[in-house]
Amino acid sequence: MNNEFEPKILAFVCNWCTYAGADLTGTSRIKYASNVKIVRFPCTGRIDFMLLLKAFANGSDGVIVSGCHPNDCHYTSGNFHARRRWMLFRSLLDFMGIDIRRIQFSWVSAAEGAKWADIVNETVASIRELGPYTEYRKAADFLADNEAELAKEMEVNNG
Amino acid sequence: MERKYISHNSLMNWLTQLNNEGNQIYAPVAKGNKTDYKHITSVEEISMDHIQTTQSAKAVAFPRTEKLFSYTKKNGDVTLQNFDTTTIPETVVFGIHPCDAAGFKPLSGIFNWDTPDLPFNERMKRTTLIAVSCTQCDEFCFCTSVNGSPGNTTGSDILLTPIKDGYLAEIITEKGKSLVDKHSSFFEADPNVNKEEYLAQVPVQFSLEELNKKISNMFESPVWKQQSERCLGCGACAYVCPTCACFDIQEDAHGSSGNRLRCWDACGFSLFTMHTSGHNPREMQSQRWRQRLLHKFSYMPERISVRGCTGCGRCSRACPVDMNIAEHLTEIAAL
Amino acid sequence: MSKIGVFVCHCGENISATVDCEKVAEEASKITGVEVSVDYKYMCSDPGQTMIKEAIKEKGLTGVVVAACSPRMHEPTFRKACSEAGLNPYMCEMTNLREHCSWVHEKGDQTTEKAIDLVRMLVEKTKLNKPLSSIKVPIHKKALVIGGGIAGIQSSLDIANAGHQVILVEKDPSIGGHMSQLSETFPTLDCSQCILTPRMVEVAQHPNITLYTYAELEKLEGFIGNFKATIRLKAKSVDPKLCTGCGVCYSKCPTKKIPSEFNEGLGLRTAIYTPFPQAVPNKPVIDKTNCTYYTKGKCKVCQKVCPTGAIDFDRPDEFITEDIGAVVTATGFNVLKPDFFPEYGYGKYKDVITGLQFERLASASGPTLGAIRRPSDGTEPKKIVFIACAGSRDPAKGLPYCSKICCMYTAKHAMLYQHKVHDGESYVFYMDIRAAGKNYEEFVRRAIEDDGVNYVRGRVARVYEKDGKLIVKGVDTLLGGKPVEIEADMVVLASAGVASHGAEELAQKMHISYDPYKFFAEAHPKLKPVETNTAGIFLCGACQAPKDIPETVGMASGAAAKVIGLFSNSELTREPVVAVVNRIASHEVSTCVGCFLCETACPYQAIVHEEIKNRAGEVIKTVAQVNPGLCQGCGTCVSFCRSKSIDIQGFSNEQMYAEVMAVLEA
Amino acid sequence: MDELRNKAKEMFDKGEIDIFIGYEEGTRNPRPLFANNADETQKLVFNDKCTGNLAVYLTRKDLVKGKKVGISASYYALKSIAQLFVENQLKEENLKVFGLSSDGQIRTLNSLEEIKQYLKDTPPPPKVEDDELIKQIDAMSSAERWAFWSDELSKCFKCYACRAACPMCYCTKCIVEVNRPQWIQPWASTLGNMEWQINRVMHMAGRCSDCGSCGTACPIGIPIHLLTHKMSETVKANFGDPNDKGNVLSTFKPEDKESFIL
Amino acid sequence: MEIGFYPGCSLKGTSSEYAQSTLALAKAFDIKLKEITDWNCCGATAAHNLNHELAMALPARVLALAEKDGMTEIVVPCAACYNRLTVTQHELNQDKELKNKVSEILKMPLSGNLQILNVMQFIDKYIADKIEEKVVKPFDRKVVCYYGCLLVRPQNILKFDRLEDPQSMDILMERIGANSMDWGYKTECCGAGFSVSRTDIVAKLSGKIVKDASDRGAEAIIVACPMCQSNLDMRRPQINSYLQMNIQTPVMYITQAIGLAVGLSKEEVGLKKLFVAPTFA
């Protein structure tokens, strides 16, 4: 067993393009890192920004969000809505110091099996480089176990 | 009650000493234009220029979020880890004002009303309150209208009143006495001063007697609606209040383990009384405002014989729309 | 309490070669709420499915997770199996251990760990699944066909012949469309009108077709199976019931010098007119913008001469409303506006004409009775230049697409010219010859080889007049880019086909999408060519993109088949993956505050306003409501709703949240 | 001041309004006043110290339902009012609006159109201090920004004064009160507090009038208005001024430009 | 009124009469054109074949200098300069990264909000309204307007006039009393790229232009580009020898034509500098 850090990554993808694209990666037997687990959504428009934060809070070190290319959305415009949402969300997170390098957005069509493998591999490599996202998790682990932690919390509470 | 003198330097040394002995010291620390209690590591951090800290010190015994117990589920069995009292540190709170110290009494009344509350009582047991009398006040202060005063000793373990270069120290409780006795070298003899001369002059704004007489019988009064019109329904007043003790119980669940948390809640929130059925007995802001005042000035005195207000004025200062409680009480007293 | 069954498939060795399926099943059995967890060689096989069915019955499972291949492949299979065993099919979920795991990772603990995680995620989601039933929508079995060109005619006839009612709406006074203007048709050179007019007559006489000419769609509301169409019947000023079509009126009309639309401005018509002799219906209308009575207040000659008293000047536009189950859009195309080619001098030089004008010149029913004559002086052009791709395939002018029909009709034009002007010389400037179609290439070769048309591969830069000749400056790229100048008598532009005027407005009325060139967008470029993104609205013909007659007719029949298929059921069944606004008992029965921003986000206009009333009938609040007939289940509204008052069945907030949180437990 | 009092009184006398929402002198600063009759209008004041966003009361059914309302509105309150119209929360015939021009003149705005025109013609009051603070935060490293905001937000005790003071937070059930699923930890803790603010700001995107009432309302003085201000700037920079239909996240342009999606 | 002015190299050399007539025309309408301080080469023809950043930086410096001078609007008579400056500003506004980079190279801020006007746009905006009332000597001649290649291309960026059949000069000429004729060579190539290296090609290409103008009886060819002018005018001997003809149709700048019409003298508009002298003025 090597000791290299294995990042945990969740991928939020739409059913019609990227999920199918990842299916194609499979049928083409293109190998990629096993760190990524796919969550299937009907459309990128469906992906709630809170789910990205929840993923981080619960131990993900990175998140991939992927859907149909612009103009290819199965629902005509879900990805356009999503794109706006990510533009604002991303800049807000950046302003708050949340590490946006850990969120990789992409458009992967049903025909881009190889692109999917590339995106996964590149993301895994870059997150491996960044290391585990402990800062965020630490903030999430409020009241972890003991009284000392609570005292610290009380301190900031009253600071 | 014992009276002593302590110079400013000695006071600082004493606090340093207490800190070195492993007590957690909370004291007012200024940041920007706000001052609030903070766990200090050095007496340098202490600031006493404020009239009132933004928040009361109640979090020392009633933290905004507190883990009551935790659990783990495994193969259908549940294991509980109870509230562990042994890890609560010895705590000294320095620099609270008499109105804040007085707040611990109603708090204690609530937490011991029926079943004694273990976390609260255990924290209180390990907490010593060193209060400082007020030498200044502002237009929001009204302790004198609710039977308090800038030099009131109720609730404090030790009350310091600033005089010349030092303080008159009134040692009120056994807890206070033991803390002083342990370090008696810092203290000098009773300075024999008239304490009143050094205190702030807080004008009486309304007659408590009149208020008491009226408030219990005015559940149906139109005044509540009129007073509460501008109230936005946030929880700022309750959260800064030294006596507000409402809490909610929440589940911090992580798969098969989790924590049961107690966290602050406020009767001003519209959902505070919302039933699962969708029915809300306090549907209107006016009803919630009435609840807030009646609870403090009618229900609490009736049930636990203590008023839920110490006249600190924090709620008025914190209110985004200037719901000045003293002004409203004055209005009621004059009805 | 959930009782979930987990069924791990080996897929032969496809999964088990890299994933330890037994271990996956074993680990899954430890998850809270999992009642049974097994692995098997082929879950989709009959014994595999039986295993699932028996487990449902014996263990009383409340949910099933099949860990196998992609749900895009076998989800229907397993949902059906569950349904057969009495479990609501939507309580069954699949997780993809094959395409997303075993096929893309190496054998090893990590791969098996991932498989376990994937199962855990779906188990947590499935625990929160709710039984759903498919949505049934009733259908009005009446079709609306918009556009009476060959596409609309074919579609109407096909639907009507299947026994359904059709309402055909045409904006001009006659049906027939562009096809009625054509002379001969490629690649057979048979006469366009000869093959079209019988179809037009059939439409007029068909008992199942209601024809509204000189009419336009005003408004379309509702959704598949349940549209409500409002149609504007423009005032014809002639009562069709009284008119016998005798034609006295237009022979006497004093306003005679109006350029004829049918003849593309090369001929004239009167103010009261039928567009062409074979028009259907063959009854005149008055063109109000040119009629002296309407413009100056006096004349009424037609009224005086009409033997049946059919002229009615005061009749206003009428509106009728029809309940419709499906719409076929067949609004066709237009050719590019003349001012698009200042460099070719269209509009400036009379002898520069469009292909459609050439059709009228070549047509036996045209203004010259089929003789090719210069509009300027009526002489026979001895040298003629055809410019292909006039506008098409020109990104600089904003039309990067190929108009598809021009190569063929240009070859036809050149051929017709050579047949009619035996000593004439013809040139075709082209970029590529696109003659893909049965007998098309042969047709072009005939033009070049048998009829001696000169094909020059190159673009024309400019046409200008000098000494009564049109100087065509171009380049011959096959001669190494040699500049070519031809002194022509006539120039014919194969003008690009563009979306019909008003296409955008119509698309917005119907809420269908369109491409940047205002052609209507098909739902899928390959697999749904006649559907639009709005269920129940279909497309055919050149309103989708320029296309020739055979393709148009084929597409029209395709659209008709879709309509007939839809009408073959009395109800429509839809997947219940749709959004729902909560109406739980709190906050005055919905947490929705009625900001209706979801309404603007919804691509399908599926959000409607619902008024919640109290017992006294007073409106307490107005909230959003989802029309399940229109909702396609994208869920954009769900993630957009601030108070989370709207949720989507099958991918609900709780389900997706649980799926994400499940990873933590690993 | 007399002008406003007279106008409000006149409207009561003519029966044009049932309630007037304005400001009166408060303990330290002007505070909201609800005049229910002509006499009470004589307490009204309106000056540049009247900064609280009174539009917040327009969605308070217990105050205004079924009533014709007059309101004195700051620049930002006008913006909020315009947005509330877009969101179907106000009826034009029930509202009389007064705005304060920069020259201290009181202007009557009789319709939504006039409000929009006024907003179009009037530049927003400058936010020198906020812009400076944002510049400082922008200049920090990502880790410093994280430290700054996690420290600031760790102080939050979730009194929701920011929400209560905001005219656009009119949901009857806020997302923090939704518990299936529990999107946001409802108790006060650093992360839960951050999640709450992230949600609040995302929900404000394209709707926020940028009045800063959230920050002013915060009893602890956390500069949360910088988040909404930054968001407003981001929205403006990326998508321009909002149009009448929908909002920035419920509409889109195919040509929206970003550089981070692979 | 004062507006920025960018002459570029041509207007300081071979076509000083273009500068002279433009300035005189502006002055006649009480407009002062102020030369940009320390302007440099726009980089036309050569730079963008060599190095993209350089091709951006050269015109960008001019733009930055104009902004530094406090100008919001500049007039650029030379079609090549106009083309380079406009295209550069557009491209930099599209690509913020490149803009920052260029700004760094220049060590000057660059807002990219400058209004860049060619002569027709300048006349349209500031002069056209008053032109009819100012005309004292109508230019009642048959003319053809020659636009050349750069003035209208690339159209999606310049957004000036119609690409294939531009009209702006024709309209202006009609307004000062000329008969602006239809002809075939409005935007044909004059061979400018070869104006030094291959004069034989210039003679051939420009020859066709001059011949069509002459065939149609034009009394002048009106231009708005120094390269066009010098090819059609200065190279006339070669053109004539190529055509085996003796065409004496003069090639005038539009500013000269308008200048004469509003009463400026031959000297004021620099008519003397033309190689083929107009017989009518």
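**Stop 1: a serine in chain C**

Select S237(C) and Y294(C) in this predicted model, and you will find their side chains in polar contact, at 2.8 Å. To place S237(C) along the chain, look for the loop between strand 12 (226–233) and helix 8 (248–252) of chain C. Is S237(C) buried or exposed? Its relative accessible area is 2%, so S237(C) is buried. Now show what surrounds it: leaving out residues up to four places away in sequence, S237(C) touches I286(C), K288(C), Y294(C), A310(C), I311(C) and D312(C).

**Stop 2: the whole of chain C**

Zoom out and colour chain C by secondary structure. You should be able to pick out 18 helices and 34 strands. The C-alpha trace of chain C spans about 95 × 75 × 40 Å along its principal axes. Chain C has 666 residues, and 57% of them count as buried. Now think about who touches whom: among the contacts in chain C with a separation of 6 or more, 68% are between residues 24 or more positions apart.

**Stop 3: an alanine in a strand**

Next, select A68(C), which sits in strand 3 (residues 63–68) of chain C. A68(C) counts as buried because its relative accessibility is 3%, and the cut-off for buried is under 20%. Which residues does A68(C) touch, apart from those up to four places away in sequence? They are C9(C), I15(C), M94(C), T95(C), N96(C), L97(C) and R98(C). For a distance exercise, draw a line from A68(C) to T126(C): the two are 58 residues apart in sequence, and their C-alpha atoms are 15 Å apart in space.

**Stop 4: an arginine that reaches chain A**

Move on to R72(C), in helix 3 (residues 71–84) of chain C. R72(C) has 38% relative accessibility, so it counts as partly exposed. Switch on chain A as well. Setting aside neighbours within four places in sequence, R72(C) is in contact with N15(A), W16(A), Y19(A), A20(A) and D23(A). Look closely at N15(A): its backbone oxygen lies 2.8 Å from a polar atom of the R72(C) side chain. For another distance exercise, try T197(C), which is 125 residues from R72(C) in sequence and 48 Å from it in space, C-alpha to C-alpha.

**Stop 5: where chain A meets chain D**

Keep chain A and add chain D. Here 42 residues of chain A are in contact with 49 residues of chain D. The area buried between the two chains is about 4200 Å², and carbon and sulfur atoms give 70% of it. Highlight R84(A), F95(A) and M96(A): in chain A these lose the most area to chain D, together 22% of what that side buries.

How many salt bridges does the rule find across this interface? There are three. One to select is the pair E195(D) and K54(A), which forms a salt bridge with its closest N and O atoms 3.3 Å apart. The interface also has 13 residue pairs in polar contact.

Which part of chain A gives the largest share of the side that touches chain D? Helix 3 of chain A does, with 15 residues. If you colour that side by residue type, you will see 23 nonpolar, eight polar and eleven charged residues.

Now try two chain pairs that do not meet. Chain A and chain E do not touch, and their nearest C-alpha atoms are 17 Å apart. No contact joins chain B and chain E either, and their closest C-alpha atoms lie 36 Å apart.

**Stop 6: an enclosed helix in chain E**

In chain E, select helix 13 (residues 254–261). Eight of its eight residues are buried, so this helix is largely enclosed by the rest of the structure. What covers the buried residues of helix 13? The cover includes helix 2 (16–28), helix 7 (119–134), helix 9 (168–175), strand 7 (220–223) and strand 8 (251–253) of chain E. Just after helix 13, click on G263(E), which takes a positive phi of about 100°.

**Stop 7: the nonpolar core**

In soluble globular proteins, nonpolar side chains tend to be buried together. To see this here, select F12(A), I81(D) and F122(E), which touch the most other members of the largest nonpolar core, a set of 449 residues. Another core, of 33 residues, lies apart from it, and its members include I353(C), I405(C), A447(C) and A494(C).

Conventions: Residues are numbered from 1 along each chain as its sequence is written. Chains are lettered from A and ligands numbered from 1 in the order in which they are written. This is a predicted model: local features need pLDDT of at least 70, side-chain atom pairs count only at pLDDT 80 or more; totals for chains, interfaces and linings use all residues. Side-chain values use heavy atoms; hydrogens and water are left out. A nonpolar core is a set of buried Ala, Val, Leu, Ile, Met, Phe, Trp, Tyr and Cys residues joined through side-chain atoms within 4.5 Å. Buried means under 20% relative accessible area, exposed over 50%, partly exposed in between (1.4 Å probe, protein chains only). Contact means heavy atoms within 4.5 Å. Buried area is the accessible area (1.4 Å probe) that two parts lose on being put together, summed over both. A salt bridge is a side-chain nitrogen of Lys or Arg within 4 Å of a carboxyl oxygen of Asp or Glu. A polar contact is a pair of N or O atoms within 3.5 Å; within protein, one must be able to donate a hydrogen and the other to accept it, and residues adjacent in sequence count only if both atoms are side-chain atoms. Helices (H or I, at least four residues) and strands (E, at least two) are DSSP runs, numbered from the N terminus. Ala, Val, Leu, Ile, Met, Phe, Trp, Tyr, Cys and Pro count as nonpolar, Asp, Glu, Lys and Arg as charged, and the others, Gly among them, as polar.
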